[in-house]
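Visitor: Please take one small part of this structure and look at it closely. I would like to know where it sits and what surrounds it.

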Amino acid sequence: MLFMTLGGIGLLLLGMAMMTEGLKAAAGNALSSLLERSTKTRLRAAFMGFGVTAVVQSSSAVIVTTLGFTNAGMLKLRQAAWVVFGSNLGTTMTAWIVALIGLKLNVQVIALPLIGLGMLLKLFFSNGRTPHVGFALAGFGVLFLGLGILRDAFIDVADYLPLEQLGTTGAIGIVLGVLVGALLTALIQSSSAALAIILTASVTGVLTPLLGAALVIGANVGTTATSLLASIGATTNARRLALIHVLEKLFTAVIALILLAPMWWVADWLSDGEVGQNISVGLALFHTLFNVLGLVLMWFLADKLIRRVERFIKQPALSSEKPRYLDDTVLSMPAMGVAAMHSELKRVFKQLLSRGRKLVEEPSAYKEPSAEQEPSARQEPSAEQEPSAEQEPSASKEPSAPEPDFHTTALLESIQEFGNKLSAESSMAEYADSFLNITWAREESVQLKALLHELAAIDLAQVQAAISGPLGEQFRRVMRTSALKEMSLAAREQILHDISQARRAKRSELLASIKANEAHVAGAIVKITKQLNIISLLEECTKRIMRIANVIYPENEESKANEESKANEENE
C-alpha cells in the first residue's frame, strides 16, 4: 500500500505539473497581457484571478506570476492582492473535478486516452500552441491515473493512520487536522494536489466530516508556503504580497474554525446530504465556501490589511543599491522581465537627473529633494540611508568633492546581471527590440554617470559661470523629469539643436571677451578653456539624457498631438 500511495502521489504531482506547464506555454505571453489589462478594479482583478486559476489549475502558478507583475511595476499591490484573492477561489475547480469526475468514474477510461492523444499531439506538431495543448492533455490524463491509484491505495489506510481517532478527539483533533492539512500542502507544494489526496481518502470513509473539513482548512493555509518560498530574497513588493496572502488565509481559517459546524451543515445541505462513505462532494463544497468566505472578508478588510502590510514592510531607501523591481520570479516571462528592467532603469535615470539638476540649477532656485524624491549626488544620507562602510567619510564633509557613485553603480550592475539571466533563461524573440533598447540605455546611463561624476568634481561656481544666460536655461530644462516626459521626439531633437546653437553663441561671446581684454590674454584663455570644457561635458550629458529618455519615456500620442497643434498655430 505504501508503494501504491507514493506512486499515486507522484503521478498526481507529475500530472498537475504537466498540465500547468502545458497550459502556461499554450497561453504564452497572452496570460501576462490578460492579467495586465483586466485588473483595473478589485472586482475585475478577482474575476481575473479566478478565471486564470480555473484554466491553469494552479493557484501557485498564478500567484507567482502575479508576484512577478508586482515586482516589475506592471501591477500595483492592491491589484495584485485581488488577483490572489480571486485565484484562491479559482483553485476550487480542481476539487470539483476530483469530486465529480475523478472519483466516480473508471479513471482508465479517461486517463489512458488523454495520455495517448496528448502525447501524439506533442510528437506530431512542433509549431504553434498544439504541442503545448497536447502536453496539458497528457498531464490531465496522468493526474486522473494518479487519482485512481491513490483511491485504491487508501482503501486500507485506516489500518495505518489514526485518522478516525483524530476525528473523535474534539477540538484538539480538529486543530491537529488543520496542522496535518497544512503540512501536507507545504510538503508537496500544491494545495490542489493535497485536496485531491484528502478527497480521495474521504471516498473510503476514513474521514469524519468535521475532520475532513479541518484538513481542507489546513490545505488552504498550507498553500501560502509557495508564495513565502517565492518571496525569499525577493523585492519588497513580493514580500508584501506574500504576507498579504498569508494573513488572508490565516484570518479566514480562524473564522472558518469558529464557524466549522455551521459551514459544514451548509455544505452538507447543498450537497443533498451526501454523507457516509462518500463525503467528497460535501468537502468540495466546504472548500468553495471557505474561499468565498475569504473573498467576502477581504472585500471589507483588504484596504486596512494592505496599509498595515505596507507600513510593516517598507520600501528600501530611494538611494539604496537594493533593486525595487528586479526579482527572479519574473525571469520566466520576458514581458515581465523587460518591464522590471525598464522600471529599475527609470529609477536610476531619475537619480542621475537629480544629480544633474544640482549642478545646473542656480543656488537660490534649487530646492532640496523631499523624502519621496530621488536624492542628489551631493545630498547627505539620512538616518535610513547610512553611508556604506566602503564609502569615504570625507565625501559628505567636503562640498567640492564628488560623492562616490556607489548606489547607481550597484543598481546599474544589478540591471546588467538581471538582463544576462533573463536572456539566458527566456526566449526573447518577441521582446528583443525592447530588451536591446533597455540594454543600450543602461550603457548610456553608465556613461552619463561618469560625465556627471566628472562635472561634480568641478567647483560649482565655475559651472554656474560657464552656463550663464540662455544656455543655462536649456540645460536646466533638460534636467527636469517632468519636462522630458512631456516632450515629443521632435521637441527633444529641437532642444539638442538649440543647445548646439547656444553653445556656439557662447563660444563666440567668450572669444570676443578675449579680444576685448588683450592685457590679460593668457589668463583669459585658461579660464575660457575651462568654461568651454564644462559646456562640452554638459552638452554630452544632454545627448545621452535624450537617448535614454527616448527609451524610458517613449513618445506618446498626446505629446505628439500637442507638438502638431503648436506647429499649426505657428503656421497660422
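Guide: What follows is a close look at threonine 39, set against the whole chain and a contrasting surface site. The model is predicted.

Threonine 39 is placed in a loop, with helix H2 (30-37) on one side in sequence and helix H3 (42-56) on the other. Although it belongs to a loop, threonine 39 is buried, because its relative accessibility is 0% and the cut-off for buried is under 20%. Leaving aside residues up to four places away in sequence, threonine 39 is in contact with Ala45, Leu75, Gln79 and Val83. One of these, Ala45, has a number that falls within the range of helix H3 (42-56). A C-alpha distance can be added: threonine 39 and lysine 76 are 37 residues apart along the chain, and their C-alpha atoms are 9.5 Å apart.

The chain as a whole gives the setting. It has 25 helices and zero strands. Of its 572 residues, 51% are buried. Among contacts between residues at least 6 apart in sequence, 80% link residues at least 24 apart. The accessible surface is about 26,700 Å², and carbon and sulfur atoms account for 60% of that area.

Arginine 311 serves as the contrast. This residue is part of helix H16 (residues 280-312). Arginine 311 counts as exposed because its relative accessible area is 54%, where exposed requires over 50%. Together with Lys304, Arg307 and Arg308, Arg311 makes up a positive surface patch. Threonine 39, by comparison, is buried at 0% relative accessibility.

Definitions and conventions:
Residues numbered from 1 in each chain as written. Predicted model: local features only at pLDDT ≥ 70, side-chain atom pairs only at ≥ 80, totals over all residues. Heavy atoms only, no water. Patch = residues over 30% accessible without salt bridge, like charges linked within 9 Å, V, L, I, M, F, W, Y side chains within 5 Å. Areas by Shrake-Rupley, 256 points an atom, 1.4 Å probe, with all protein chains shown as cover. Salt bridge = Lys/Arg side-chain N within 4 Å of Asp/Glu carboxyl O. Lys, Arg positive; Asp, Glu negative; His and termini not counted. Charge placed at Lys NZ, Arg CZ, Asp CG, Glu CD. Helix = DSSP H or I, 4+ residues; strand = E, 2+ residues; numbered from the N terminus. Buried < 20%, exposed > 50% of the residue type's maximum accessible area, 1.4 Å probe, protein only. Contact = heavy atoms within 4.5 Å.
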